[in-house]
Each structure stands twice: as C-alpha cells, then as structure tokens.
Amino acid sequence: MTIEHEVKRRRTFAIISHPDAGKTTLTEKLLLFSGAIHIAGSVKARKASRHATSDWMEIEKQRGISVASSVMQMEYRDCVINLLDTPGHQDFSEDTYRVLTAVDAALMVIDAANGVESQTLRLLQVCRARNTPIITFINKLDREVREPLDLIDEIEGALGMDVVPFTWPVGSGKRFHGVYDLRHQLMRVFQAGLDHAEQESTTIVRDLNTSEIKQRFGAPLEQAQQEIALIDGATAEFDQAAFLAGQQTPVFFGSAINNFGVQEVLDTLVDLAPPPGARSAIQREVSPTESKFSGVVFKIQANMNPAHRDRIAFVRICSGEFKRGMNLKVARSSKSVRTSTVVSFLSQRRELLETAYAGDIIGIPNHGTLQLADTLTEGDELQFTGLPFFAPEIFRTVEIADPLRSKQLKLGLTQLGEEGAIQVFRPHLGSILLLGAVGVLQFEVVTHRLKHEYGVEARIAPAKYQLARWVTAENPRELQRFIAANTHRIAYDAVDAPTFLASFAAEISVAEENWPAIRFHKMREHS
Ligand code: GDP
C-alpha cells in the first residue's frame with residue numbers, strides 16, 4: 001500500500017532546451033513555487049560561476065557544484081517531483097543523453113524569439129526515440145518575439161507530434177498582456193517582475209467581451225481572439241493517452257523571469273505527467289510497485305574531493321523501497337554495495353537519505369564497484385536495458401612525457417572510462433589506448449583530471465581513426481572471423497565489446513557490404 005501510494009505521487013522529469021532559452025531561470029522558479037527554495041537567485045548564482053571561465057579550477061568547481069545540483073527534489077501538491085539537470089553548453093556530452101533515460105517526462109523550454117534550436121533538437125531525438133511525454137513551455141513572451149502561430153507550426157514540424165495549446169498569448173513584448181487559458185476559458189493578466197511566488201495575486205478576467213476589457217487590451221486581444229478561433233478548429237483535442245505515448249504535447253506560453261506561466265507548468269507536471277512506469281530488463285518487465293528494490297546506474301560522477309577518488313553513482317530507483325543501510329547487489333559482478341552513506345539531492349543541499357521509492361534518484365558513493373548501466377537489486381538476477389552508449393564522434397590518443405607514469409595513465413584512463421567521462425578503447429594490436437568522445441570538452445576535462453587525480457602529464461594527440469561501430473553477429477564464429485581479418489581496425493571498449501574503427505564513412509559501408517553477417521551499431525545498450 002505505501003509503495004503504491006509513494007510511486008503514484010512521484011514525477012521525475014528533465015528540462016530540455018537550447019542554451020539561454022531559460023532553463024536555469026525556470027528551474028529556479030519551479031523550486032520557488034514549490035517552496036523548495038525561498039529566495040530567487042540561488043540557482044542563478046551557481047550558473048554565473050559556471051559561465052565565468054573555462055579554466056581548470058572552474059571545471060573542478062563546476063564538477064563539485066553540479067554533483068549537488070544535478071538532481072533536485074521538491075514537493076508540490078502532495079507530489080514528490082524530481083528534476084534532473086541535463087548538462088548543456090560546452091560540457092554537452094553523452095551524460096546528457098543518459099540522464100534522459102532516467103526520467104519519465106521532459107519539459108521543453110523554447111525561446112519565443114528563436115523557436116526550436118539545434119541542441120533542443122538533439123535532445124528531442126532522444127526523447128522521441130523513447131516516446132517520452134513532452135510538455136512545452138514557450139518562454140520570454142515579455143520580449144518582442146515571433147508570432148505564436150508560426151512557433152506552433154515550427155514545433156509541430158520539429159517534434160513530429162501534435163501540438164495542443166493549453167494557453168495562448170495576448171500580445172508580446174511591451175504589449176504582452178497575459179495568456180488566455182483555453183481549458184478554463186479565462187485570461188490571466190501579466191504583471192512584470194514578481195520576485196516570489198504570488199500566483200494568488202494574478203488578475204483573472206473571465207469575460208473578454210466587455211468594452212472595458214477590449215479597451216484595456218486593444219489590438220493584441222483582438223488578434224489573440226482571432227488566432228484562438230483559428231487554432232480551435234485546426235489543432236487536436238488533448239488526449240491523455242496520446243500525450244503519454246509521446247504523440248501530443250501540451251503547450252504553454254509565459255515568461256519565466258517574471259514568474260508568469262510557471263504555476264501552470266508545475267500543475268501540469270502533477271496532473272498530466274506520468275508516475276514511474278514499468279521498466280525493461282533482459283529477464284522481464286519490472287513494475288515500480290514490486291516490493292523488492294531495483295535500480296539502475298545512469299550516471300557516475302567523481303566526487304568533490306579528487307584526493308579521495310571516490311565517485312557517486314546516480315541510481316534511478318526502478319522498483320520497491322530503498323531503506324538506508326540495506327544490502328544491495330550489483331547484478332553484473334554479484335558484489336555487495338554498502339548503502340549506509342547514500343545521499344539524496346535536494347536543491348543545493350546533499351543530505352543523507354532514509355527512504356526512497358521508484359522514480360527517486362539516490363547517490364551511492366563507491367570506489368569503482370559501480371559502473372554505468374549496472375543494475376542493483378536485493379539479490380535478484382536482473383539487468384535493465386536501455387542505457388545508451390553512443391559511438392564517439394571524435395577520437396584522440398594520449399601521449400605522456402614521463403614513460404614511468406604509464407601505469408598511472410592506464411589506471412586513470414580506465415577509471416575515467418568506467419565513469420563515462422570518456423570512452424576508452426583498447427586496440428586489438430598495439431598498446432596505445434584510443435580515446436573517444438562526443439564533445440571536445442571531454443578531452444580537456446580528462447587531461448585536467450589525469451594531472452590532478454593521477455599525477456600524469458598527458459598530451460592529447462590526433463588519432464588516425466574518426467569513426468567507430470560496435471560489431472556483433474548472431475554466430476560468434478562469424479564475429480571471430482571478422483575480427484581476425486580486421487585486427488588492425490579492431491578495438492575493445494570498457495566492457496570489452498569489439499568495435500570496428502574507420503577513418504571515413506565509406507570504409508564502414510564497404511565493410512558492411514563485404515560482411516553481411518556482421519552488424520554495425522552506432523549505439524550500444526547496457527553492459
Ligand atoms: P539557460 O541557459 O537555458 O539556463 O538560460 P537562463 O535561465 O540562464 O536564461 C538566459 C537569459 O535569458 C538570462 O539572461 C535570463 O535572465 C533571461 N531570461 C530567462 N527567462 C526570461 C524571460 O521570461 N524573459 C526575458 N526577457 N528574459 C528571460
């Protein structure tokens with residue numbers, strides 16, 4: 001009974017957006033409206049330090065800070081809402097994709113002046129592949145922005161799903177008067193610059209057709225009314241099932257910095273976003289309300305103190321109840337994990353956690369026992385699927401000044417590889433490790449950490465190869481044959497899965513033609 005009740009009131013989501021669309025601002029306002037923080041500005045402060053410089057100390061600081069702030073929990077209307085931060089900007093990496101596998105819904109924030117931008121598109125693709133339900137917030141209506149009809153069209157095209165406006169803007173920029181709530185048929189009047197949650201003070205207008213209102217809001221209201229009449233016939237009715245299947249997105253307009261439209265988003269998360277659902281393991285489907293605990297590691301982050309070299313594994317609870325001190329097993333290695341020091345994440349504080357349920361994220365400090373995609377259970381044989389590893393888009397090798405440090409280099413690279421900070425490939429022939437990444441900043445972080453945590457001065461050098469594909473075959477003999485015939489192009493990843501390396505895409509096509517029994521994958525799931 002408790003588990004069912006607790007699972008039902010969980011909402012776990014992430015915000016996807018392009019840099020500067022307003023993710024940080026909206027995050028802060030959501031925390032403010034739910035009462036998790038009381039003063040605007042605290043989330044912003046951390047962001048300011050993130051932007052200040054990309055110098056090494058900053059990266060250190062940023063890593064430390066982002067451990068604490070990468071999961072935020074808030075309570076609102078009897079729901080426990082977990083908001084997972086998706087690293088953006090230059091530090092964009094595979095982590096971002098993996099975080100999206102740990103959520104049950106996504107909130108897409110769009111800058112009304114810019115529409116759907118490149119990074120939003122990349123993240124959207126991941127959500128679409130998983131049919132994650134998406135709620136859309138169009139931000140910055142207090143600025144001179146694009147026509148709402150035009151924006152809706154663009155979003156519909158980019159998402160490839162039906163867009164259902166729940167609110168509609170009345171004007172924009174200096175003449176932004178508010179939004180018309182299409183479901184409740186009333187207008188909420190915009191008021192600039194409220195710095196705390198004062199939704200009660202919002203003026204509501206129910207009858208738009210009085211002469212006083214018409215005069216007050218003038219041409220923008222007239223235009224909004226025409227547009228509303230237009231979309232009324234042209235857009236689909238909201239359908240909860242279609243939303244949950246990732247086929248429809250409800251759309252809201254507002255201005256995060258002015259606290260306008262934020263409450264509707266929070267209410268929609270509670271009312272429409274799904275509680276945790278069943279998750280697929282190789283063995284079976286796992287229901288969130290099963291009494292036994294299970295969870296999956298979707299992110300690993302080095303701890304704040306590099307000298308200790310301990311790491312925090314971020315675990316999404318998939319079923320059951322977590323109790324501090326309980327004994328958990330890693331399904332891959334059958335090793336036990338101590339959970340007496342497990343942490344939860346609330347706003348900027350990290351605190352020890354007593355209990356948690358499916359949908360929640362817990363942080364388990366460990367010294368390398370836990371790897372990405374590991375499944376934790378009370379002893380059951382389970383391996384969750386679906387955690388993606390992407391074929392790197394950039395390759396480098398490392399050179400070291402002092403050959404006596406090569407052991408440390410290897411250790412460092414192996415551990416950083418397990419953490420997912422970088423992908424490390426061991427060639428079939430030779431001993432020079434190959435590093436692969438999705439974003440270049442990953443290499444900078446790796447050289448920095450090799451120096452500070454492992455005492456290795458390493459230099460990143462260009463690599464011969466530019467592409468990799470994981471190779472599999474139904475018949476293991478075929479795979480052996482392929483590997484034997486291509487030894488100079490084969491390398492093994494952190495879990496010893498073989499990959500085929502190439503300098504040009506054409507080489508992969510040729511290999512595909514010549515070896516029909518071999519499959520070439522851009523993405524690898526679970527270990
Ligand atoms: P992020 O990069 O997506 O996290 O974006 P931020 O939340 O940091 O916002 C980027 C910039 O847009 C900041 O200068 C914000 O103050 C500003 N901003 C955010 N929301 C609004 C809004 O509703 N209206 C206006 N005019 N500016 C906003």
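User: What makes it possible to say that helix α11 lies across strands, and which strands are they?

Analyst: In this predicted model, local features need a pLDDT of at least 70 and side-chain atom pairs count only at pLDDT 80 or more, whereas totals for chains, interfaces and linings use all residues. Residues are numbered from 1 along each chain as its sequence is written. Helix α11 (residues 406-419) lies across β25 (394-400), β26 and β28, and runs at about 125° to β26. Contact here requires C-beta atoms, placed from the backbone, within 7 Å, and the angle, on a scale from 0 to 180 degrees between N-to-C directions, comes from lines fitted to C-alpha atoms, for helices over the stretch in contact. The helices (H or I, at least four residues) and strands (E, at least two) are DSSP runs numbered from the N terminus.

User: Which residues of α11 are buried, and what do they pack against?

Analyst: A residue is buried if 20 or more other C-beta atoms lie within 10 Å of its own, exposed if 12 or fewer, and partly exposed in between; in α11, L409, G412, L413, Q415, L416, G417 and E419 are buried. The buried residues of α11 pack against β14 (294-302), β15 (311-319), β25, β26, α12 (441-454) and β28. Just after α11, G420 takes a positive phi of about 85°.

User: Why are β28 and β32 placed at the edges of their sheet?

Analyst: The open sheet has eight strands in the order β28-β25-β27-β26-β30-β31-β29-β32, with antiparallel pairing, where two strands pair if DSSP finds at least two bridges between them. β28 (458-462) and β32 (518-521) each have a single partner strand, so one side of each is left without a neighbour in the sheet. Neighbouring strands of this sheet are turned by 40° against each other on average, direction ignored.

User: How do you know that β26 and β30 pair?

Analyst: Strands β26 (residues 423-427) and β30 (residues 490-492) are joined in the antiparallel sense over two bridges, and the requirement is at least two, so they qualify as a pair. P427 has A491 of β30 as its bridge partner.

User: Why is G430 called exposed?

Analyst: G430 has 11 C-beta neighbours inside 10 Å, so it counts as exposed. G430 is placed in the loop between β26 and β27 (434-437), and its C-alpha atom is separated by 8.8 Å from that of H488, 58 residues apart along the chain.

User: How do you know whether the span of α2 agrees with expectation?

Analyst: The expected span is 1.5 Å times one less than the number of residues, so the twelve residues of α2 should span 16 Å, and its end C-alpha atoms are indeed 16 Å apart. Twelve of the twelve residues of α2 are buried, so the helix is largely enclosed by the rest of the structure.

User: Where does α2 lie, and which part does it play in the shell around the ligand?

Analyst: α2 lies across β1 (10-17), β2, β3 (79-84), β4 and β5, running at about 40° to β2. Helix α2 (residues 23-34) gives the most to the shell around the ligand, with three residues. The shell has 17 residues, the closest being K23, T24, T25, S255 and I257, where being near means a C-beta atom, placed from the backbone, within 6 Å.

Note on methods. Contact = placed C-beta atoms within 7 Å.
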